[in-house]
Amino acid sequence: MSKTMTYEKYKRGKRIKKISIVSFQILLLIAIIFTWEMLARFNIIDTFIMSCPSRIIKQINQLYVNGTLFAHISVTLYEAIVGFLISTFVGTLIAIILWWCPNVRKVLDPYIVVLNSLPKIALGPIIIIWVGIGTSAIVAMDILIMIIITIISMLNAYTACDSTQILLLKSMGASKWQILIKLIIPNSLCEFVSVLKINVGLTWVGTIMGEYLVSKAGLGYLIVYGGQVFNLDLVMASTIILCILAALMYFIVAIAEKIVYKKHKNKK
């Protein structure tokens, strides 16, 4: 058997394996939804407490008919995206500054560790007093949750760069700026994508946490309101929509990750 045929067989087997995994994932989801619905239909579970897929669909449709569904989704999505972008950009920029200034990094290192371990929800009242109630407070909560993680992760990626390559560039007369642009940042692209994947999860935590505290609109507000009036259908419907939005955002980052890894592999 030729090498070409062997490689084609390997690719076909890998493709079949991938399709099988996706198929089982879809079947598992369908099985969960079906089982949940059947348990509700036969009164094995209390739908007032657990809700069920059919009631969740009716609740989402009711929000759509009332014209509030996309209004609440757009509020939460806007807050999440703005917080995600600001935290990622500012956190990465601060990490570059700390890499550039080692003495500043040593001075600030214990403070960064303390801020990272601080429960951000404890700063909720301070945020409300400082920036007010509304979108600004929610975005601020997003930033507090994500920015320290971004700084620590990217700074570790920058400082972990091969010292031998840095010395080689220095011996060739490269400036610190050239080392940053030509070596440090390109070599940390994979870690940057990993930070994006982490921030996708954290941004929804920060957004919903902020909406729990101060929001008058958004999916977090619907969850709180649904809990207050014991409307578990509304709570579950909002949670399902959140899962879908988070999955879509993660899927976009995953596509970016594949592109980055492909380019990185080609360079090697």
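## Salt bridges, surface patches and turns

Glu37 is buried, because its relative accessibility is 10%, under the 20% limit for that class. This value, like every other here, comes from a predicted model.

Glu37 has a charged partner. Its side chain meets that of Arg41 in a salt bridge, at 2.8 Å from N to O. Arg41 is exposed, because its relative accessibility is 56%, and exposed means over 50%. The two residues are four apart in helix H1, so about one helical turn separates them. Side chains of opposite charge can pair when their charged atoms come close.

How many salt bridges does a search of the whole structure find? It finds two. The other pair is Arg55 with Asp233, whose closest N and O atoms are 2.9 Å apart. This pair links distant parts of the chain. Arg55 sits in helix H3 (residues 53-66). Asp233 sits in helix H12 (residues 232-267). The two are 178 residues apart. Arg55 is partly exposed, with 30% relative accessible area. Asp233 is buried, at 11%.

Helix H1 also carries residues of the surface patches. H1 covers residues 3-41, and Arg12 is found in it. Arg12 joins Lys9, Lys11 and Arg15 in a positive surface patch. Is Arg12 buried, partly exposed or exposed? Its relative accessibility is 44%, so Arg12 counts as partly exposed.

A nonpolar patch comes next. Val22, Phe24, Ile26, Leu27 and Ile30 make a nonpolar surface patch of about 510 Å². Val22 is found in helix H1. Val22 is partly exposed, because its relative accessibility is 38%. That value is over the 30% needed for a patch residue.

Two loop residues have an unusual backbone angle to look at. Phi of Asn43 is near 60 degrees, a positive value in a residue other than glycine. Ser51 also has a phi near 60 degrees, and it too is a residue other than glycine. Asn43 lies in the loop between H1 and helix H2 (47-50). Ser51 is found in the loop between H2 and H3. Which of these residues is buried, and which is exposed? Asn43 is exposed, because its relative accessibility is 66%. Ser51 is buried, because its relative accessibility is 0%.

Further along the chain is Leu222, in helix H11 (residues 219-228). Leu222 is buried, because its relative accessible area is 6%. How far is Leu222 from Thr203 in sequence and in space? They are 19 residues apart in sequence and 18 Å apart in space, C-alpha to C-alpha.

The table collects some of the residues above.

| Residue | Relative accessibility | Class |
|---|---|---|
| Arg12 | 44% | partly exposed |
| Val22 | 38% | partly exposed |
| Glu37 | 10% | buried |
| Arg41 | 56% | exposed |
| Asn43 | 66% | exposed |
| Ser51 | 0% | buried |

Last comes confidence. The mean pLDDT of the protein is 84. In all, 94% of its residues reach 70 or more. Where is confidence highest, and where is it lowest? It is highest in helix H4 (residues 69-100), at a mean of 91. It is lowest in helix H6 (residues 124-131), at a mean of 79. Where pLDDT is low, the predicted coordinates should not be read in detail.

Definitions and conventions. Residues numbered from 1 in each chain as written. Predicted model: local features only at pLDDT ≥ 70, side-chain atom pairs only at ≥ 80, totals over all residues. Heavy atoms only, no water. Patch = residues over 30% accessible without salt bridge, like charges linked within 9 Å, V, L, I, M, F, W, Y side chains within 5 Å. Areas by Shrake-Rupley, 256 points an atom, 1.4 Å probe, with all protein chains shown as cover. Salt bridge = Lys/Arg side-chain N within 4 Å of Asp/Glu carboxyl O. Lys, Arg positive; Asp, Glu negative; His and termini not counted. Charge placed at Lys NZ, Arg CZ, Asp CG, Glu CD. Buried < 20%, exposed > 50% of the residue type's maximum accessible area, 1.4 Å probe, protein only. pLDDT = per-residue confidence, 0-100.
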